[in-house]
Amino acid sequence: MIDVPENIPQRKRIILGPLARVLLKLFKWDITGTIPNLKKMILIGAPHSAMRDAWYGLLAVLALDLKVTFFGASWIFTRLPSLVTFSKNLDRLGIPWPLGWLQKIILIRLGGVPVYRVNSRGTIRSAIEEFAKIDNYILLIAPEAGTEVIEKFRSGFYYLAKELDIPYVPVEIDFKNRAFNLRNPEKVTSNFEDESQKVIKIFEGVEGATRTFTMSKQKAQKD
């Protein structure tokens, strides 16, 4: 388990912290690399190829006692994942269940922010305005935006890092070696397309839960 520097936003969890550390050890998962000693940063993880990425990611956050904020499709806050799609509405995927209200409370308390994909205009701009008011935070983003295979990154991580003037830290979701590998922090130094290609090269070849990340010959997509 890696060390957490003093400037990193933390939330000590008397029960969930130790429990998460035990579960990570039982599942033989590790967290490698170095967390930069910064008060503000964006962690971008890839490849995001299965819903169980979120489960292991949650364990990693709890194990390190991190205080984080993350965006998630609105349906994951109240519904259970399903292999079968019952609705074409992107905000009504999954399967509803009686404890959806409790699920929403838990995820929001863990730092979740629901994103309504049917009408997501202005989401990033609103996030920039809100985070500009906060002194310290860790924002989690999956630049692929979902678990499906895509040809282009979404632009949210770029505009957040640029407008807030904070570094982003690539995190490999490495199922082959069962580890979250933190890479060196990066600052936005170019346009969206060039910056995305830089990130894509970092993740190239990382084996996720259901596929290996490969996007090096493709361009990025603006939100």
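## Close-up views of a predicted model

**Figure 1. A salt bridge in this predicted model joins Asp 165 to Lys 187, with the closest N and O atoms 3.4 Å apart.** The pair links distant parts of the chain, 22 residues apart: Asp 165 sits in the loop between α5 (156-164) and β8 (168-174), while Lys 187 belongs to the loop between β9 (179-182) and α6 (192-203). Asp 165 counts as exposed because its relative accessible area is 56%, whereas Lys 187, with a relative accessible area of 39%, is partly exposed.

**Figure 2. Glu 172 and Arg 183 meet through their side chains in a salt bridge, at 2.7 Å from N to O.** This pair also links distant parts of the chain, with Glu 172 in strand β8 and Arg 183, 11 residues away, in the loop between β9 and α6. Glu 172 has a relative accessibility of 12% and therefore counts as buried, the cut-off for that class being under 20%. Arg 183, by contrast, has a relative accessible area of 34% and is partly exposed. Elsewhere, Lys 12, Arg 21 and Asp 65 are joined into one network by salt bridges that share partners.

**Figure 3. The side chains of Lys 133 and Glu 130 form a salt bridge, with a distance of 3.5 Å from N to O.** Lys 133 is classed as exposed because its relative accessibility is 62%, while Glu 130, at a relative accessible area of 46%, is partly exposed. In the whole structure, the search finds 8 salt bridges.

**Figure 4. A nonpolar patch on the surface has about 1100 Å² of accessible area together.** The patch is formed by Leu 80, Leu 83, Val 84, Phe 86, Ile 95, Trp 97, Leu 99, Trp 101, Leu 102, Ile 105 and Ile 106. Helix α3 (residues 100-109) supplies the largest share of the patch, namely 4 residues. Leu 102, one of the patch residues, lies in helix α3 and has a relative accessibility of 33%, so that it counts as partly exposed.

**Figure 5. The second largest pocket holds about 160 Å³ of space.** Its lining is made of Pro 9, Arg 11, Lys 67, Val 68, Thr 69, Gly 111, Ile 134, Asn 136, Tyr 137 and Ile 138. By residue class, the lining of this pocket divides into 5 nonpolar, 3 polar and 2 charged residues. Asn 136, which is among the lining residues, has its C-alpha atom 8.4 Å from that of Asn 7, although the two are 129 residues apart along the chain. Asn 7 itself is found in the segment before α1 and, with a relative accessibility of 27%, counts as partly exposed.

**Figure 6. Two leucines of helix α1 are shown, Leu 19 and Leu 24.** Helix α1 covers residues 16-26. Leu 24 is classed as buried because its relative accessibility is 2%, and its C-alpha atom is 7.5 Å from that of Ala 60, a residue 36 positions away in sequence. Leu 19, on the other hand, has a relative accessibility of 43% and therefore counts as partly exposed. The C-alpha atoms of Leu 19 and Phe 131 are separated by 30 Å, and these residues are 112 apart along the chain.

**Figure 7. The backbone is shown at the cis peptide bond from Ala 46 to Pro 47 and at Ala 145 and Arg 178, which have positive phi values.** Most residues other than glycine have a negative phi, and most peptide bonds are trans. The bond from Ala 46 to Pro 47 has omega near -5°, and Pro 47 is found in the loop between β2 (40-46) and α2 (52-63). Ala 145, which is not a glycine, has a phi of about 75°; this residue is located in the loop between β7 (137-141) and α5, and its relative accessibility of 41% makes it partly exposed. Arg 178, likewise a residue other than glycine, has phi near 50° and is found in the loop between β8 and β9. With a relative accessibility of 27%, Arg 178 counts as partly exposed.

How values were computed
Residues numbered from 1 in each chain as written. Predicted model: local features only at pLDDT ≥ 70, side-chain atom pairs only at ≥ 80, totals over all residues. Heavy atoms only, no water. Patch = residues over 30% accessible without salt bridge, like charges linked within 9 Å, V, L, I, M, F, W, Y side chains within 5 Å. Areas by Shrake-Rupley, 256 points an atom, 1.4 Å probe, with all protein chains shown as cover. Salt bridge = Lys/Arg side-chain N within 4 Å of Asp/Glu carboxyl O. Buried < 20%, exposed > 50% of the residue type's maximum accessible area, 1.4 Å probe, protein only. 1 Å grid on protein atoms, 1.4 Å probe; cavity = no way out; pocket = protein on both sides within 12 Å on 5 of 7 lines; lining within 4 Å. Points joined across faces, edges and corners; volume = space filled by probe spheres on them. Nonpolar A, V, L, I, M, F, W, Y, C, P; charged D, E, K, R; others polar.
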